[in-house]
Amino acid sequence: MRLRYPAPPLVGILAAALLAAASMSPMTPAHCGELRPAQSNDDLSNPHRGFLLWGTTVGADGGLPDNHYGASMYQIYVPWREIETADEQYDWAGFEKRHLEPILKENPNATFVLRPVADYPDGVSNNISFYFDKTEGQLERDYPKFLELAPLNIAAHDYSSCGGDGPGRAPEYNSPAMRQQLQQFVQAFGRRYDGDPRITAIHVGLLGFWGEWHTSGCEAWEPDATTRALVRNAYAAAFTLTPVHTRYARSSDLDGVNFGVSEDFFPSFTAMCNAYSPKLPRCDDTGWWNLEWGFRNEVPAARENWKHNPIGGESPYADQKKTWTSRTADIVDLLKRYHFSWLGPAGQHENTGSGFPAKMRAIKRALGYEFTVRQAAWPDAMRAGAPISVTLSVENTGSAPLYHLYQTELHWVDAGGATRARAAFDFPLNALLPGAAPSTQVSATTVPASLAPGSYSLRLAFADSWRERPGIAPQNVGRDSTGRLSLGTVTVAAAAVDH
């Protein structure tokens with residue numbers, strides 16, 4: 001499992017030395033505190049998992065969409081036309097001001113799934129073109145105008161309907177000039193957003209209708225396997241920190257990479273049709289558009305990609321959405337079987353505020369990671385500036401791994417509730433896979449030398465490596481109001497004085 005952001009400098013590198021020092025320290029106590037907290041069943045809204053909301057047109061719509069279940073992830077379609085105003089001239093600041101900042105203003109803990117698009121059918125009616133420069137005309141064109149001009153002269157196709165979707169304007173994806181421009185954009189996209197803590201995932205997008213790598217109904221215009229492979233490889237090179245997923249489990253899309261998959265026709269194109277009785281609505285398992293078919297017939301190795309990058313999906317049709325609440329057990333089974341981390345933005349969570357709360361909470365809990373602390377042990381007496389050892393046992397009781405770097409920390413909290421000191425220690429949260437036994441590790445850290453002597457409440461935090469972002473609450477009883485697990489009371493002695 002690759003780390004998404006740099007680890008804190010003392011974590012891991014000095015752990016062994018600190019642990020050895022702790023074992024020889026005169027402050028190592030004869031007694032230690034220990035906690036085996038019970039697992040909780042409450043509804044947690046942790047980052048990068050759960051329900052995904054529509055965020056593309058918040059500025060045009062005048063506010064955030066309804067949020068019935070504590071969601072903090074928003075999908076943003078990124079019109080290529082908005083970003084690249086001239087060849088290799090990118091207006092990232094303008095894009096963020098128009099699309100990210102209005103959401104962050106209302107929901108500071110928001111994270112984003114970004115999907116660039118060159119062709120969003122009927123984008124005008126869907127407000128995709130809301131921020132386009134109207135003087136350019138061609139509002140159904142979602143890619144930059146310069147692509148059609150000399151010296152590139154990339155051809156395009158206007159359409160009123162392709163399989164019932166439209167109108168729109170589709171570029172010629174398979175020309176040498178277009179292939180070069182696609183790769184150039186992906187490289188710039190990666191320079192801007194790889195490693196950005198606000199980003200839950202990057203959807204490769206860019207090709208075909210809605211960035212889904214097809215032009216269904218107008219198949220003659222589809223990006224071919226060569227184009228798809230070039231764009232796939234460009235993403236693999238450009239994004240080495242931020243999670244990436246693509247639309248289909250298809251050889252040209254997933255060969256040689258560990259991208260996740262976005263199943264945008266959930267649950268119809270997820271499993272084989274005979275997996276559930278009665279058959280799920282609109283089910284079709286006869287080709288690569290079906291996730292399980294793709295794993296069986298095109299990219300068998302990609303079945304394990306969920307261990308590296310996330311699986312997500314959405315349900316665009318009413319009968320698909322209805323299955324969430326009419327066949328909840330089947331939906332939960334699917335989510336766990338294929339290791340989904342989120343559902344949305346289209347789904348029953350958009351429509352259901354109070355009608356099926358227990359069923360929707362069951363679906364939400366089946367999405368993504370879930371960390372349950374099984375045991376923690378620590379010295380109940382310690383000295384400021386001295387090393388200590390900590391024993392921690394955690395189980396991933398969820399459906400998928402954590403794909404972003406969070407660090408385990410001890411927090412010393414005074415009687416007034418103020419956090420007086422923090423210390424990180426090494427624990428492999430990213431390596432915890434669902435279904436595995438709890439991981440138990442003895443780690444080392446140092447009590448901050450600046451901590452005043454006294455009695456403190458010791459608390460365990462799963463903190464984002466970027467301090468401004470929210471942490472992860474463990475699925476345990478005994479958490480405080482910020483999601484930290486209260487361990488017990490410790491006594492801290494003054495730092496030793498050098499003579």
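The chain has 11 helices and 21 strands. With a radius of gyration of 25 Å, close to the 23 Å that the globule rule gives for 499 residues, the chain is as compact as a globular protein of that length. Keep in mind that this is a predicted model. Below is a quick tour, from the overall build down to a few residues worth a look.

**Overall build**
- Measured out along the principal axes, the C-alpha atoms fill a box of roughly 80 × 55 × 40 Å.
- Burial takes in 57% of the 499 residues.
- Take the contacts between residues at least 6 apart in sequence: 73% of these join residues at least 24 apart.

**Surface and charge**
- About 19400 Å² of the chain is exposed, and carbon and sulfur atoms supply 52% of that area.
- On the charge side, there are 44 positive and 53 negative side chains.
- The centres of those two charge sets sit 5 Å apart.

**Strand β21 and its partners**
- Strand β21 covers residues 485-493 and pairs with β15, residues 381-383.
- The β15 and β21 strands run parallel, with 3 bridges joining them.
- One residue pair to click on here is M382 and V492, which are bridge partners, V492 being the one in β21.
- β21 also pairs with β20 (residues 454-464), this time in the antiparallel sense and over 7 bridges.
- For that pairing, look at L458, which stands opposite G488 in β21.
- As a general reminder when viewing strands, side chains in a regular strand alternate between the two faces of the sheet.

**T56, a buried loop residue**
- T56 sits in the loop between β2 (50-54) and α2 (58-61).
- Despite that loop position, T56 counts as buried, because its relative accessibility is 4% and the cut-off for buried is under 20%.
- Leaving out residues up to four places away in sequence, T56 touches Q75, I76, Y77, H99 and I128.
- P79 is 23 residues from T56 along the chain, and the C-alpha atoms of the two are separated by 9.7 Å.

**Cis peptide bonds**
- A150 and P151 are joined by a cis peptide bond, with omega at about 10°.
- P151 belongs to the loop between β6 (111-117) and β7 (156-159).
- Another cis peptide bond links G344 to P345, and omega is about 10° there.
- You'll find P345 in the loop between β13 (340-343) and α11 (357-365).

**Positive phi outside glycine**
- E88 is not a glycine, yet its phi is positive, at about 60°.
- The loop that holds E88 runs between β4 (84-86) and β5 (89-90).
- With a relative accessible area of 48%, E88 is partly exposed; exposed would take over 50%.
- D122 is another residue other than glycine with a positive phi, near 55°.
- D122 is in the loop between β6 and β7, and P151 lies in that β6–β7 loop too.
- At 23% relative accessible area, D122 is partly exposed, since buried would need a value under 20%.

Conventions:
Residues numbered from 1 in each chain as written. Predicted model: local features only at pLDDT ≥ 70, side-chain atom pairs only at ≥ 80, totals over all residues. Heavy atoms only, no water. Pairing = 2+ DSSP bridges. Helix = DSSP H or I, 4+ residues; strand = E, 2+ residues; numbered from the N terminus. Rg over C-alpha atoms; globule rule 2.2 N^0.38 Å. Buried < 20%, exposed > 50% of the residue type's maximum accessible area, 1.4 Å probe, protein only. Contact = heavy atoms within 4.5 Å. Areas by Shrake-Rupley, 256 points an atom, 1.4 Å probe, with all protein chains shown as cover. Lys, Arg positive; Asp, Glu negative; His and termini not counted. Charge placed at Lys NZ, Arg CZ, Asp CG, Glu CD.
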